[in-house]
Amino acid sequence: MAKITFIGLGNMGGPMASNLVKAGHEVTVFDLSKDAVAALVSEGAKTADTAHEAANGAECVITMLPAGQHVEAVYLGDDGLLAKLPAGTLVIDSSTIAPETARGVAEVARAKDIPFLDAPVSGGVGGAKAGTLTFICGGSEEAFNKAKPILDAMGKNIFHAGDHGSGQVAKICNNMLLAILMSGTSEALALGVKNGLDPAVLSEIMKQSSGGNWALNVYNPWPGVMEGVPASRNYEGGFLVNLMTKDLGLAFDNAVKNQASIPMGSLARNLFQLHAGQGNGSLDFSSIQRLYKPE
């Protein structure tokens, strides 16, 4: 069992840290939300007043933060964790950020002999709670092998995508495809309902046909069709529109840098940006259905 510091206890980070506690690791948590910290402490985690105090003596530091600027603020500069952590401390960042940001943090870590992995996740809040997340890791083989026993407590599928930044590249490709699938699924359901079809019947037909996909099969966006998904609880919880919009922005920026053509990804980005701008940023991303089915 490892002595682990977990920083960032949001919708994803909280359940992830909880699973580490359940696995028997000695976990110290830090977050700006006192309620989030209190919830983990009630499960057996320790806490500290600052990120530096939380990381003191840790064998492994894991972060799950909203965006690249937060990752840089935690790790870089004279007050960053990398300036204080001893050589050999394993650092895992599971935030979804730009690949170049991950590579920049990794470069500073390498100079201090600190093994670093960018390890963004897929699987949503449900996967975080169930401990079935997919981890997509970028970094050295040595760091990956060192991290895997820890990641196994939080995930079901642990992939080594390649060198630093590779985890982020794979993650933004995945989320771009997910946004395209969710937009297309919502559009198809709305068209069928406009023509008098029952959305539940149409969903089942498409699930068993060539149109079946994860958004339709597992995360249906039409209210009332599938139990236990955000669409059936007024799109509360889940993966926020604002976060999907951020990830689509990362994909778009990466495509520009690499002169890659992403016409479908660009359209999905515009659709989700429009949806967010209409006041839906804090809803689950499956609420894109509302663009085609105004309430």
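Contact here means heavy atoms within 4.5 Å. Helices (H or I, at least four residues) and strands (E, at least two) are DSSP runs, numbered from the N terminus. This is a predicted model in which local features need pLDDT of at least 70, side-chain atom pairs count only at pLDDT 80 or more, and totals for chains, interfaces and linings use all residues. Residues are numbered from 1 along each chain as its sequence is written, and side-chain values use heavy atoms, with hydrogens and water left out.

**Exercise 1: the two sides of α2**

Find which residues of helix α2 (residues 34-41) are buried, and work out what covers them.

Step 1. Buried means under 20% relative accessible area, exposed means over 50%, and partly exposed is in between (1.4 Å probe, protein chains only). In α2, Ala36, Val37 and Leu40 are buried.

Step 2. Now look down the axis of α2: its buried residues fall within an arc of 95 degrees, so they line one face of the helix. The arc is that of the directions from the helix axis to the C-beta atoms. Here's the handy background: an α-helix has 3.6 residues a turn, so residues three or four places apart point the same way.

Step 3. Flip to the face turned away from the buried side of α2, and you meet the exposed residues Lys34 and Asp35.

Step 4. Back on the buried side, the cover includes α1 (13-22), β2 (26-30) and β3 (46-47).

**Exercise 2: α8 and its partners**

Describe how helix α8 (residues 166-194) meets α5 (residues 99-111), then do the job again for α9 (residues 199-207).

Step 1. Axes are lines fitted to C-alpha atoms, for helices over the stretch in contact, and angles run from 0 to 180 degrees between N-to-C directions. The axes of α5 and α8 come within 8 Å and cross at roughly 160 degrees.

Step 2. Give that angle a name: α5 and α8 are therefore roughly antiparallel. The cut-offs are under 35 degrees for roughly parallel, over 145 for roughly antiparallel, 65 to 115 for roughly perpendicular, and oblique for the rest.

Step 3. Add the handedness: α5 passes α8 in a right-handed crossing. A crossing is left-handed if the near helix is turned anticlockwise from the far one by less than a right angle, and right-handed if clockwise.

Step 4. List who touches: Pro99, Ala102 and Arg103 come from α5, and Gln168, Val169 and Ile172 come from α8. By class, that contact of α5 with α8 has four nonpolar, one polar and one charged residues. For the classes, Ala, Val, Leu, Ile, Met, Phe, Trp, Tyr, Cys and Pro count as nonpolar, Asp, Glu, Lys and Arg as charged, and the others, Gly among them, as polar.

Step 5. On to α9. The axes of α8 and α9 come within 9 Å and cross at roughly 130 degrees, and the two helices are therefore oblique to each other. Their crossing is right-handed.

Step 6. In this contact, α8 brings Ala188, Leu189, Gly192 and Val193, while α9 brings Pro199, Leu202, Ser203 and Met206. Sorted by class, the contact of α8 with α9 has six nonpolar, two polar and no charged residues.

Step 7. Check burial in α9: Pro199, Leu202, Ser203 and Met206 are buried. Down the axis of α9, these buried residues fall within an arc of 105 degrees, so they line one face of the helix. They pack against α8 and α10.

**Exercise 3: Met244 and its surroundings**

Say where Met244 sits and what it touches beyond its sequence neighbours.

Step 1. Met244 belongs to helix α11 and is buried, with a relative accessible area of 0%.

Step 2. Leave aside neighbours within four places in sequence, and Met244 is in contact with Asn175, Leu178, Ala179, Phe239, Phe272 and Phe285. Met176 is 68 residues away from Met244 in sequence, yet the C-alpha atoms are 8.5 Å apart.

**Exercise 4: two positive phi values**

Compare Asn234 with Tyr235: is each one buried, partly exposed or exposed?

Step 1. Most residues other than glycine have a negative phi, and most peptide bonds are trans. Phi of Asn234 is near 60 degrees, and Tyr235 has a positive phi of about 60 degrees.

Step 2. Place them: Asn234 is in the loop between α10 (214-217) and α11 (241-257), and Tyr235 lies in the loop between α10 and α11 too.

Step 3. Read the accessibility: Asn234, at 45%, counts as partly exposed, whereas Tyr235, at 2%, counts as buried.
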